Each structure stands twice: as structure tokens, then as C-alpha cells.
Amino acid sequence: MAPLPPDVLAALALDGNLREHDRWSEWLPTGGGGRRLLYLDGVAAATPLGRDLLALFVRNLVVAFDNLRLKEEIEETQREIVFRLGEAVETRNQETGNHLKRVSEAAGMIAAYLGYDETMVSRVRYAAPLHDIGKIGIPDHILNKRGQLDAEEWKVMQTHADIGWRMLKDARQDILRAGAVISLQHHEKWDGTGYPRGLRGDEIDPLARIVAAADVFDALGSHRPYKTPWPLERILEHMVKERGRHFDPTVVDAILALAPALMESRTRYPDIER
């Protein structure tokens, strides 16, 4: 970063405000109780009225900036809460750690690769951890059963999609509303054989299609009490096999292109044995 000009350093050292000739510096309060220095050189508004109008304009900018900062802090808090909710379900499900972080990162990368705008990329990245939030309503003896579920138990397990939808569908925040749709639809399949609605193809929300594939991709490569991690080659073979059956073909193509980057996230967020 280039060094600050001497006049700016002098203004920083000055405790009060300075208005002389064509230079103007003023300390402006911020919403967090701090101060921000405004320094102008070659001020065109030389009259008292012009300077006062300029000061009013700058103060309005500061208010707008502080409101934006506050909005960002609120959104960050929402994202943290969303992740902690998903992590609570993951812990109850006795799965290895960091699965949600990897699915979240993978969903964002896939959406960006497919050309979604920044808003949608952010939305799927931060809503992805909510995909299994409905499992909070599944009894432990079913959720953590080591063996294969019988027909009645499987019917109960499938209700987690609707449970998650009902939990989140009336939320006002975009991330939670996206989480509701993802929770409801992430077990739907491209060929219409999924649950709970039997949706087909483009009837399935694009974000749910992305999270469905990202979740399976990561789960196959993860350690579980009932399985060892699959090697990347076997995972990709499975994704290709299910292209156009379980998964949206374009999402599978994105995963094939992004596979090295997706595997790198496992290094950043390795499985942690519970």
C-alpha cells in the first residue's frame, strides 16, 4: 500500500476538524462508536453553505456505509446459526465432522461453474447445511440404526424431508427459505423416482439438484460406521452412472470438471472421528 501523503498524516494527528483554504478534514462518528476521517483536498465548495451541504452529504454516506456494515454482520450471524443448526443434526446422526462444510463449499463451486449469479451462489452455499435439518424429528433408534431399515422404518426416515420443509417454509430470510426447498427436494431424482413428491427433471429446484449431488459426492468419499471411503475414481464412476437418473446431467458434468478442487476441500476439512 502506498504511504499516506503528509497532509493526510497531519489530519490524522489533528484531534479536531480542519477547514482552511482548499483543504478539509473532519472526524465523523461511526455506528460502532469509533471515528472515521474524511479528508478532501481541493474542495470546490468554498462558501459556508456549500461546505455545510457537502458535510451533510458525506454524513449521509457514512450512515449508509454503517447500515451496510450492520446488514453484513446480521447476514453473517444468520449464516453461523444456519451452520450450527445443521451441525447439531449431523452430530445427532453420529456422522463424521466437516461433512457440512464440504457440501456447502461444493454446492457453491458447482453453482458458480454452472453460471449462477453471485446471489444464487451465496444462497446455495449457505443454505446447503440445512438439507437434513428435518432429521431432528426422526427417532434415534431409526436415525442411528446400524443395519438396514425395514419398510416401516424407511417410511419414517423419508418424512425428514417434509419435516425440514415445515420447519423453514415460513421463514422471512432468503437463506432459510432456500433451506426449506432444499430440505424438501434434495432426495428427489432426475428420473422421477425420488421422494417425497416424485418430482422429475426441471420440476426439482436447481439448488436442491446441486445439493443432492454435492451431498452424495461427499458422502461416498467419507468414512461411515457402515462403509469405508470410496476412492475418487469409483465415486466419479457412480456419478456418471446416475447421470440423468438420480442426478441432473449438468450438475454431474460440473462435478466431473471440478473433481480435483472438490477433493481439495477434504484436505481443508478432513473427517473427524467422533
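Which elements are included in what covers the buried residues of α10? The legends below take up this question within a predicted model.

**Figure 1. Overall arrangement of the protein chain in the predicted model.** Eleven helices and three strands make up the secondary structure of the protein chain. Read from the N terminus, the elements follow the order α-β-β-β-α-α-α-α-α-α-α-α-α-α. Of the 274 residues in the protein chain, 42% are buried. Among contacts with a separation of 6 or more, 57% join residues 24 or more positions apart. The exposed area of the protein chain is about 15,100 Å², and 57% of this area comes from carbon and sulfur atoms.

**Figure 2. Close-up of helix α10 and its cover.** The buried residues of this helix are I235, L236 and M239. Viewed down the axis of α10, these buried residues fall within an arc of 95 degrees, so they line one face of the helix. An α-helix has 3.6 residues a turn, so residues three or four places apart point the same way. On the face of α10 turned away from the buried side lie the exposed residues E233 and K241. The cover over the buried residues of α10 includes α9 and α11, which answers the opening question.

**Figure 3. Close-up of the largest nonpolar core.** This core comprises 36 residues, of which I110, V124, I210, V211, F217, M239 and I255 touch the most other members. At least two residues of the core come from each of α3 (99-113), α4 (118-127), α8 (174-185), α9 (206-220), α10 (232-241) and α11 (249-268). The greatest contribution is that of α9, with eight residues. M239 thus appears both among the core residues that touch the most other members and among the buried residues of α10.

**Figure 4. Close-up of I210 and its contacts.** When residues up to four places away in sequence are not counted, I210 touches A107, I110, A111, L114, Y116, V124 and V251. Two of these partners, I110 and V124, are named together with I210 among the residues of the largest core that touch the most other members. A second, separate core consists of six residues, including I138, L143, L149 and I163.

**Figure 5. Close-up of the second largest cavity.** Three cavities of 30 Å³ or more are found in a search of the whole structure. The second largest cavity has a volume of about 40 Å³. Its lining is formed by E188, W190, I204, R209, A212, H246, F247 and D248.

Definitions and conventions
Residues are numbered from 1 along each chain as its sequence is written. This is a predicted model: local features need pLDDT of at least 70, side-chain atom pairs count only at pLDDT 80 or more; totals for chains, interfaces and linings use all residues. Side-chain values use heavy atoms; hydrogens and water are left out. A nonpolar core is a set of buried Ala, Val, Leu, Ile, Met, Phe, Trp, Tyr and Cys residues joined through side-chain atoms within 4.5 Å. Buried means under 20% relative accessible area, exposed over 50%, partly exposed in between (1.4 Å probe, protein chains only). Helices (H or I, at least four residues) and strands (E, at least two) are DSSP runs, numbered from the N terminus. Contact means heavy atoms within 4.5 Å. The arc is that of the directions from the helix axis to the C-beta atoms. Accessible areas come from the Shrake-Rupley method with a 1.4 Å probe; for residues, only the protein chains shown count as cover. On a 1 Å grid over the protein atoms alone, a cavity is a set of points where a 1.4 Å probe fits but cannot get out, and a pocket is an open set with protein on both sides within 12 Å along at least five of seven lines; lining residues have an atom within 4 Å of a point. Grid points are joined across faces, edges and corners, and a volume is the space filled by probe spheres set on the points.
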